Amino acid sequence: MVTDIMNKEDLKKMAPVFGQLSFDNHEQVVFCNDKDTGLKAIIGIHNTVLGPALGGTRMWQYNSEWDALNDVLRLSRGMTFKSAITGLNLGGGKAVIIGDAKTQKTPELMKRFGEFVHSLSGRYITAEDVGMATSDMDLVRTVTPYVTGISEEKGGAGNPSPITAYGVFMGMKAAAKYAYGSDILEDKTVYVEGIGNVGEALVEHLSNEGAKVYISDINQERLEEVRDKYNVAIYGGNNIYAEDMDIYAPCALGATINDTTIHQLRAKIVAGAANNQLAEELRHGKILQDRGIVYAPDFLINAGGIINVYAELENYGKQEIIRKTENIYNTTLEILKNAEAKDITTHQAALDIAQSRIDARKNEK
């Protein structure tokens, strides 16, 4: 006998994919395994109404396969809305490779992964994400055309990280305009959590504008390198969320806005590059709204990277990439104002716009 209410573990046993809390009517989930190379990967295709599912490949040493599945489901869903709200004719997809990118990634593994991508006949197009480099995408390109973010010398748009950071910077400035009446970030205190390629590029923009920047990362050597390069401060405390700041910029992994941190947060604005910053979108979005904290939706302001790789598919140049990325400022400001007018969260306001575009295309078909 099945009761009306089931706990999460029982649900997983009965429906290990469809029962995942992060499953949101995904069209296809592909599990990839290759004994010879050690490849264990999952490809999630969330929605292809607007076009082929495009999204990067992340290589990470997950604690469990459940965590990997949850991550790819959440990330692929986010890509659907990211492309929709940015006006791109793309669907949402993502891939994760389970493993340590520093010690387990090999050319053979990347090529084998590329063969799995190729087997989907273009329904999914991959790109660079955490644990990946442009050179890895070049390797994938040797076995499939369904990859973007390849090096410029091979005809691609190159590393998307600088454009991603520029889009986050534009979204952050729009949020400042909404919150403070001015988009000038000079003398604003900004805490950047996560100093990868995108985080560093964001620090450069903030430093050039004269913001007071504090950086945090698990890699001490990386912190010292970025500190010396841009003359910023390393955060030395043990609770970044409780610090007095104007802007909190999460640029590492997602879910840093959660039950533990959200009530400690003392920022006026949350605007960063990380995907899925809200551990629970509806509930945590509402708490931020109730606390008067301006949240710039992550899947909007971090869309610069997909704009950059989309250029390879549509054959437009750097000037158009910059124009589309700078428009993130206007869209962010519009969404913040719409959310206030409708008394809804900024996340919901962004989601509504993205979903309406998907629904309109579906009706056309």
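Visitor: Before we look at the sheets in this model, how many bridges does it take for two strands to pair?
Guide: This is a predicted model, by the way. Strands count as a pair once DSSP finds enough bridges between them, and the minimum is at least two.

Visitor: Okay, in what order do the strands of the five-stranded sheet sit?
Guide: This sheet is open, and its pairing is mixed. From one strand to the next, the twist averages 25°. Reading across, the order is E1-E2-E4-E3-E5.

Visitor: Why do strands E1 and E5 each have one side without a neighbour in the sheet?
Guide: Look at where E1 (28-34) and E5 (124-128) are: both stand at the edges. One side of each is left without a neighbour because each has just a single partner strand.

Visitor: Which residue in E5 is the bridge partner of Gly56?
Guide: Start with strand E3, residues 53-60, which pairs with E5 in the parallel sense over five bridges. Gly56 has its bridge partner in E5, and that partner is Ala127.

Visitor: Which are the edge strands of the six-stranded sheet?
Guide: That sheet is open too, its pairing is parallel, and its order is E8-E7-E6-E9-E10-E11. An edge strand here pairs on one side only, which picks out E8 (233-234) and E11 (294-295).

Visitor: And in E7, which residue is the bridge partner of Val190?
Guide: Strands E6 (residues 189-193) and E7 (residues 212-216) run parallel, joined by five bridges. Follow the bridge from Val190 over to E7 and you land on Val213.

Visitor: Now for the empty space: which element gives the largest share of the lining of the largest cavity?
Guide: The whole structure has one cavity of 30 Å³ or more, holding about 140 Å³ of space. Its lining has 18 residues, with Gly78 and Asn276 among the closest to the centre. Helices H2 (65-86), H9 (298-301) and H12 (346-364) each give two or more of them. The largest share, seven residues, comes from H2.

Visitor: Which element gives the most to the lining of the largest pocket?
Guide: This pocket has about 1500 Å³ of space and 49 lining residues, including Val130 and Cys251 near its centre. By class, they split into 21 nonpolar, 17 polar and eleven charged. The biggest contribution, six residues, is from E3.

Visitor: What about the second largest pocket: how many residues does H2 give to its lining?
Guide: The volume here is about 790 Å³, and 29 residues form the lining, with Asp67 and Arg74 among the closest to the centre. H1 (8-14), E3, H2 and H8 (281-290) each supply at least two. H2 has the largest share, and its count is seven residues.

Conventions:
Residues are numbered from 1 along each chain as its sequence is written. This is a predicted model: local features need pLDDT of at least 70, side-chain atom pairs count only at pLDDT 80 or more; totals for chains, interfaces and linings use all residues. Side-chain values use heavy atoms; hydrogens and water are left out. Helices (H or I, at least four residues) and strands (E, at least two) are DSSP runs, numbered from the N terminus. Axes are lines fitted to C-alpha atoms, for helices over the stretch in contact, and angles run from 0 to 180 degrees between N-to-C directions. On a 1 Å grid over the protein atoms alone, a cavity is a set of points where a 1.4 Å probe fits but cannot get out, and a pocket is an open set with protein on both sides within 12 Å along at least five of seven lines; lining residues have an atom within 4 Å of a point. Grid points are joined across faces, edges and corners, and a volume is the space filled by probe spheres set on the points. Ala, Val, Leu, Ile, Met, Phe, Trp, Tyr, Cys and Pro count as nonpolar, Asp, Glu, Lys and Arg as charged, and the others, Gly among them, as polar.
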